[in-house]
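Please follow the chain from its overall contact pattern to its nonpolar core, and then to one residue within a strand.

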Amino acid sequence: GICFPCPQGGCPMMGHYADRFPEKLKRVDQKYFLNTAADEPFATWRQKVFVKLSGVKKTRGDINLVYYDTQGNSKEYEVARGDLTQDDVYTEYLDVEINPKNTTKIEFRWNKAVFSLLWARLGAERVNIVHGADG
């Protein structure tokens with residue numbers, strides 16, 4: 001509970017995601033963090049996100065989720081990028097740096113890569129976030 005909030009570059013993570021911070025791996029005496037809950041299931045910081053779009057058959061851009069906590073911290077995570085279609089369900093595992101027990105809001109954002117009048121009609125038909133033992 002004394003490691004957060006993380007610096008803007010993010011917390012160096014142990015295990016599977018440690019390779020996301022190659023410049024930090026070169027440091028001497030680097031500290032690594034493993035987000036866990038205090039009680040079972042310990043993996044509540046890992047969240048599995050499903051997003052199903054609606055409104056536009058196909059477009060190009062990216063889908064992000066922004067997590068906010070009780071202390072005013074926020075962190076943005078990418079769920080999907082590139083060609084997007086309402087026919088697909090976009091799934092991503094996120095190792096969030098915002099404590100799920102302190103999360104006050106999760107904001108859905110999409111950003112267009114190419115201007116399109118259709119973009120204004122694009123929305124999310126469904127956003128599911130699952131946390132626990134298996135994400």
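Among contacts in the chain (contact meaning heavy atoms within 4.5 Å) between residues at least 6 apart in sequence, 66% join residues at least 24 apart. The model is a predicted one, in which local features need pLDDT of at least 70 and side-chain atom pairs count only at pLDDT 80 or more, while totals for chains, interfaces and linings use all residues. Residues are numbered from 1 along each chain as its sequence is written, and side-chain values use heavy atoms, with hydrogens and water left out.

The secondary structure comes to one helix and six strands, and along the sequence these follow the pattern α-β-β-β-β-β-β; helices (H or I, at least four residues) and strands (E, at least two) are DSSP runs, numbered from the N terminus.

The largest nonpolar core, a set of buried Ala, Val, Leu, Ile, Met, Phe, Trp, Tyr and Cys residues joined through side-chain atoms within 4.5 Å, has 15 residues, and Val-49, Ile-63, Tyr-67, Val-79, Tyr-90 and Leu-94 are those with the most contacts inside it. Two or more residues come to this core from each of strand 1 (46-54), strand 2 (58-69), strand 3 (74-85) and strand 4 (89-95), with strand 3 giving the most, four residues.

Leaving aside neighbours within four places in sequence, Leu-94 is in contact with residues including Trp-45, Val-49, Leu-65, Tyr-67 and Tyr-77.

Thr-85 lies in strand 3 and counts as buried because its relative accessibility is 15%, buried meaning under 20% relative accessible area, exposed over 50%, and partly exposed in between (1.4 Å probe, protein chains only). Beyond neighbours within four places in sequence, Thr-85 is in contact with Leu-53, Lys-57, Lys-58 and Tyr-90.
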